[in-house]
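Thanks for coming. I will go through the ligand site and then the empty space in this structure.

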Amino acid sequence: MVTEPERKRIMSTDKSTSWSYTEAFASEDVVLERARERSFELGVTPVSPGVGAVLTVLAAASKSHAAVEIGSGAGVSGICILRGLPGHAVFTTIDRDVEHLKAARQSFAEAGIRSNRIRTIPGRAEAVLPRLTDGAYDLVFVDADKANALLYAEQGVRLLRPGGLLVVNDALDRDRVSNPAHREPTTMRLRELHRALGSDERLAASILPTGDGLIVAARR
Ligand SMILES: C[S@@+](CC[C@H](N)C(=O)[O-])C[C@H]1O[C@@H](n2cnc3c(N)ncnc32)[C@H](O)[C@@H]1O
């Protein structure tokens, strides 16, 4: 437990300024800018630049052979993950919307990523994930419908090899999760997800305040 003086010392600065600073630290090139534009044209919210940068770092650090993403959008997070993965790694991305998958493939092509490194799977993640092989992935990234995040995280843990990483985006629900006054169903589901991952002995879990909150958990 953080003591009150320690909490006051840590919180003595305006955290929103630091948050903006860390998001701006992650500079993006024209390929990512175009993928962002494509996302907004489709009405999809891509990961923030800060989250994208964390994904690249985690993908590089995990030395992943195989990574899977739930929620392709127009490919912003996919490009960030692929830029961190070793050249031989295969990236699987799942989306229920074929237009989004088409846009993501266009973004990957513009990023110069070979198509044989990418597997795009159309379909609802609830139906697709159970078909993927146990313990075959080093990185699982969840960025789809929040209501099912717990289900995807459970499947994600099953898919991970020991040492692999589970990453869940939008984990703080626009600051609602930390405020007990908010009792919306999605917020409650996310609190449930935090409790489940925090108490899961198979995992070492943390929540980063990057973007709208990023859960990062390692499979022991
Ligand atoms: C927030 S966007 C993903 C953004 C993407 N990760 C990025 O950074 O570019 C969420 C995506 O999840 C997809 N999605 C929502 N519910 C889904 C489900 N049940 N199964 C599969 N995909 C789903 C949506 O079609 C949408 O493309």
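The shell around the ligand splits by class into seven nonpolar, eight polar and eight charged residues. This is a predicted model, so please keep that in mind throughout. In total, 23 residues surround the ligand. The closest of them are Gly71, Ser77, Asp95, His100 and Asp143. As for secondary structure, two helices each give at least two residues to this shell: α5, residues 76-84, and α7, residues 125-128.

Now the polar contacts. The side chain of Asp95 places an N or O atom 2.6 Å from an oxygen atom of the ligand. For His100, a polar side-chain atom is 2.7 Å from a ligand oxygen. Gly73 takes part through its backbone, with a polar atom there 3.4 Å from an oxygen atom of the ligand. How much of the ligand does the protein bury? Taken alone, the ligand exposes 610 Å², and 92% of that is buried by the protein.

Next, the pockets. The ligand takes up the space of the largest pocket, and that pocket has a volume of about 630 Å³. Its lining has 33 residues, and the closest to the pocket centre are Val44, Thr45, Asp143, Ala144 and Asp145. Asp143 therefore appears in two lists, being among the residues closest to the ligand and among those closest to the centre of the pocket, where lining is counted within 4 Å of a grid point. The elements that contribute two or more residues to this lining are α5, α7 and the strand β2, residues 90-95. By class, the lining holds 11 nonpolar, 13 polar and nine charged residues.

The second largest pocket comes to about 480 Å³. It is lined by 14 residues, and Lys15, Trp19, Asp175, Pro209 and Gly211 are the closest to its centre. Its lining divides into four nonpolar, six polar and four charged residues.

Last, the enclosed space. How many cavities of 30 Å³ or more does a search of the whole structure find? The search finds one, and about 60 Å³ of space lies in this largest cavity. The residues lining the cavity are Val142, Asp143, Ala144, Asp145, Lys146, Ala149, Val168, Asn169, Asp170 and Leu190. Five of the lining residues are nonpolar, one is polar and four are charged. Asp143, Ala144 and Asp145 are in the cavity lining, and these three are also among the residues closest to the centre of the largest pocket.

That is what I have; I will take comments now.

Technical notes
Residues numbered from 1 in each chain as written. Predicted model: local features only at pLDDT ≥ 70, side-chain atom pairs only at ≥ 80, totals over all residues. Heavy atoms only, no water. Near = heavy atom within 4 Å. Polar contact = N/O pair within 3.5 Å; in protein donor to acceptor, adjacent residues only side chain to side chain. Areas by Shrake-Rupley, 256 points an atom, 1.4 Å probe, with all protein chains shown as cover. 1 Å grid on protein atoms, 1.4 Å probe; cavity = no way out; pocket = protein on both sides within 12 Å on 5 of 7 lines; lining within 4 Å. Sits in = over half its atoms within 2 Å of the grid points. Helix = DSSP H or I, 4+ residues; strand = E, 2+ residues; numbered from the N terminus. Nonpolar A, V, L, I, M, F, W, Y, C, P; charged D, E, K, R; others polar. Points joined across faces, edges and corners; volume = space filled by probe spheres on them.
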